[in-house]
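Student: I'd like to go through this model and test the labels people put on it. Let's take each term, look at the number behind it, and see if it holds up.

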Amino acid sequence: MAHDIRSIGRNLLLLVNGLLGLVAAAVVVLVYVRPRLFGAVSPEGRTVTLAVRDNAALELAVVISVLLLALDLLYLVYGRRPKAPLQFVPSQAAGGVIKVAREALEAGLRSAGESLDVVTRLRVTVEAERQRRVVVGAFFQAPDGVSIPDASQRLRTALAERFAAMVTPADGTKIDFDIEFVGFSGKLPRPSPPPAEPEEPQAFTGPQYPIPDDADSEDDR
């Protein structure tokens, strides 16, 4: 619905600009051909005296022109056609170009990032800023107490390796990774103590004295 309204407004604005452009061109031609229609003409016929103030037609034209310029400015700032979302990322292969779906690429990158122990939650976006530039945005949460620079570097490395495994970009294509830390979540797991080493059996050094009573009773039997 919003797209339809924006499209209708854009078409109307283009129509008004075109009509007023035609009117302005016609006025210029009439001023040159019939200057008496717009003001008093000098005896030589080379100068036209036009009353700017107290001229209802001219004041109306000024108001319309100001409104049109304001609408054009608003259109340039807010009314531009939104950029279509990225659907796939082209990847070079031996048999030609393969289209890697953006959703599959984002899922693979998110899986690679969340496999790190310094990342608890991760949101990944893949966008094409220009024809030869792909931006991978990573917004991550880390456990409490983690070094954020170290976590960012490890995450960047993991994302770059997974991206290279999934996509072979064309020559000249730049891949940028925009890493952003958004907060702490959870805690690092405590390291488990190392397993106890088994005790080595002691070497036999002969019978130990005194011999227990149990051993004496067995000899009597």
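**Strands, helices and their labels**

Tutor: Nine bridges join β5 to β6, and the two strands run antiparallel. This is a predicted model, where local features need pLDDT of at least 70 and side-chain atom pairs 80 or more, while totals for chains, interfaces and linings use all residues. Residues are numbered from 1 along each chain as its sequence is written, and side-chain values use heavy atoms, with hydrogens and water left out.

Student: What makes β5 and β6 a pair, with bridges to join them?

Tutor: Two strands pair if DSSP finds at least two bridges between them. With nine bridges, β5 and β6 qualify. One spot to look at is Arg123, which stands opposite Phe139 in β6. A hairpin of two residues links β5 to β6. As for the names, strands (E, at least two residues) and helices (H or I, at least four) are DSSP runs, numbered from the N terminus.

Student: Why is the pairing in the sheet β5-β6-β7 called mixed?

Tutor: That open sheet has three strands. Its edge strands are β5 (121-130) and β7 (174-187), each pairing on one side only. β5 and β6 run antiparallel, but β6 (residues 133-144) and β7 are parallel over eleven bridges. Both senses occur, so the pairing is mixed. In the parallel part, Gly137 stands opposite Asp178 in β7.

Student: How do you know that helix α3 packs on the sheet?

Tutor: Contact means heavy atoms within 4.5 Å, and α3 (residues 102-114) touches β5 and β6. Its direction makes about 140° with that of β5. Angles like this run from 0 to 180 degrees between N-to-C directions, and axes are lines fitted to C-alpha atoms, for helices over the stretch in contact.

Student: Why are α3 and α4 called oblique to each other?

Tutor: They pack at about 140°, with their axes 9 Å apart. Under 35 degrees counts as roughly parallel, over 145 as roughly antiparallel, 65 to 115 as roughly perpendicular, and the rest as oblique. The pair falls in the rest, so it's oblique.

Student: What makes up the contact of α3 with α4, by class?

Tutor: On the α3 side it includes Ala104, Leu105 and Gly108, and on the α4 side Leu155, Arg162 and Phe163 are among the residues. By class there are nine nonpolar, three polar and one charged. Nonpolar covers Ala, Val, Leu, Ile, Met, Phe, Trp, Tyr, Cys and Pro; charged means Asp, Glu, Lys and Arg; the others, Gly among them, are polar.

Student: How do you know that the side chains of Arg102 and Glu103 make a polar contact?

Tutor: The cut-off is a pair of N or O atoms within 3.5 Å; within protein, one must be able to donate a hydrogen and the other to accept it, and residues adjacent in sequence count only if both atoms are side-chain atoms. Arg102 and Glu103 join through their side chains at 3.3 Å, so the label fits. Arg102 sits in α3 and, leaving aside neighbours within four places in sequence, also contacts Leu86, Gln87, Phe88 and Val126.
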